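Let's take a walk through a protein chain together. Have a look at the sequence and the model first, and then read on.

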Amino acid sequence: MFIRQHQQDPVGKNTPKARSGQDPNAELPHLNPLQIRRAARGAIRELDLGEYPDLQSIQSLIEARSGLPIIIGEMPTLDRHDLCGLWLHCEDCDYVLHAPELTVWHRQLIILHEFSHMILNHQFCAISLLLPPLPGIPQIPLMVLGRSSFDSDTEVTAEYLADLLTERILRRPQEPSADPSGFNKVFG
């Protein structure tokens, strides 16, 4: 059981806190497409991505901003057709988990989507006592965020920001050997 919480943190840190007295099912005001694009573009402008960012440099920026390391890994129980990515916020680190058997590009997009939630300070809080122990995660998460649909503004905004980050990564000059799938030859 998850409690929905959308909280903007003015200091730029992801600090999930339970809000007492709030209806967890209360609807947040919906953003229109222009507001979603503005939010994502504003977030990317605030990042110091440099001329040619890559997944590692974006991860390093988020880690510096939050003060927590991010551990990226595969979670065999995730279904790549349903829930393909998950962000777990723990006291000492953040985990970004993805489904197995993904292409390099799909895995990168899922990771960038979860990074986008971190950048945008999107937070869904979980009641820790109701979470079962997760394989490979040594502590009970304070917060869990996982995508199950694209119906919410937070998911649409995070996906748009992930697309913008992907676009910036693709600007990086590629060595022929750095594109084993031929993706850039076809779509570059």
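What follows goes from the whole chain down to a few single residues.

Keep in mind from the start that this is a predicted model. The chain has 188 residues, and 43% of them are buried. Its accessible surface comes to about 10,800 Å², and carbon and sulfur atoms own 56% of that area.

How many helices and strands are there in the chain? You'll find five helices and six strands. If you trace them along the sequence, the order reads β-α-α-β-β-β-α-β-β-α-α. Now think about how the chain meets itself. Taking the contacts with a separation of 6 or more, 69% are made by residues that sit 24 or more positions apart.

For a taste of that, go to helix 3, which runs over residues 104–119 and holds Leu112. Is Leu112 buried or exposed? Its relative accessible area is 0%, and buried means under 20%, so Leu112 counts as buried. And what is Leu112 in contact with, once its neighbours within four places in sequence are set aside? The partners are Leu55, Ile58, Ala162, Leu165, Thr166 and Ile169. Pick out Ala162 from that list: 50 residues separate Leu112 and Ala162 in sequence, yet their C-alpha atoms are 5.1 Å apart in space.

Next, move over to helix 1, which covers residues 33–46 and includes Arg45. With a relative accessible area of 64%, Arg45 is over the 50% cut-off and is therefore exposed. Arg45 also has company: together with Arg37, Arg38 and Arg41, Arg45 forms a positive surface patch.

Gln35 is in helix 1 too. Its relative accessibility is 35%, and partly exposed covers the range between 20% and 50%, so that is the label Gln35 gets. Gln35 gives you another pair to look up in the model, this time with Asp153. Along the chain, Gln35 and Asp153 are 118 residues apart, while 9.7 Å lies between their C-alpha atoms.

One last stop is about charges that pair up. Which residues form a salt bridge? They are Arg171 and Glu167, whose closest N and O atoms are 3.7 Å apart. A salt bridge needs those atoms within 4 Å, so this pair qualifies. The structure holds one salt bridge, and Glu167, at 43% relative accessibility, counts as partly exposed.

How values were computed. Residues are numbered from 1 along each chain as its sequence is written. This is a predicted model: local features need pLDDT of at least 70, side-chain atom pairs count only at pLDDT 80 or more; totals for chains, interfaces and linings use all residues. Side-chain values use heavy atoms; hydrogens and water are left out. Patches are made of residues with over 30% relative accessible area and no salt bridge: like charges are joined within 9 Å, nonpolar side chains (Val, Leu, Ile, Met, Phe, Trp, Tyr) within 5 Å. Accessible areas come from the Shrake-Rupley method with a 1.4 Å probe; for residues, only the protein chains shown count as cover. A salt bridge is a side-chain nitrogen of Lys or Arg within 4 Å of a carboxyl oxygen of Asp or Glu. Lys and Arg count as positive and Asp and Glu as negative; His and the chain ends are not counted. The place of a charge is taken as NZ of Lys, CZ of Arg, CG of Asp or CD of Glu. Helices (H or I, at least four residues) and strands (E, at least two) are DSSP runs, numbered from the N terminus. Buried means under 20% relative accessible area, exposed over 50%, partly exposed in between (1.4 Å probe, protein chains only). Contact means heavy atoms within 4.5 Å.
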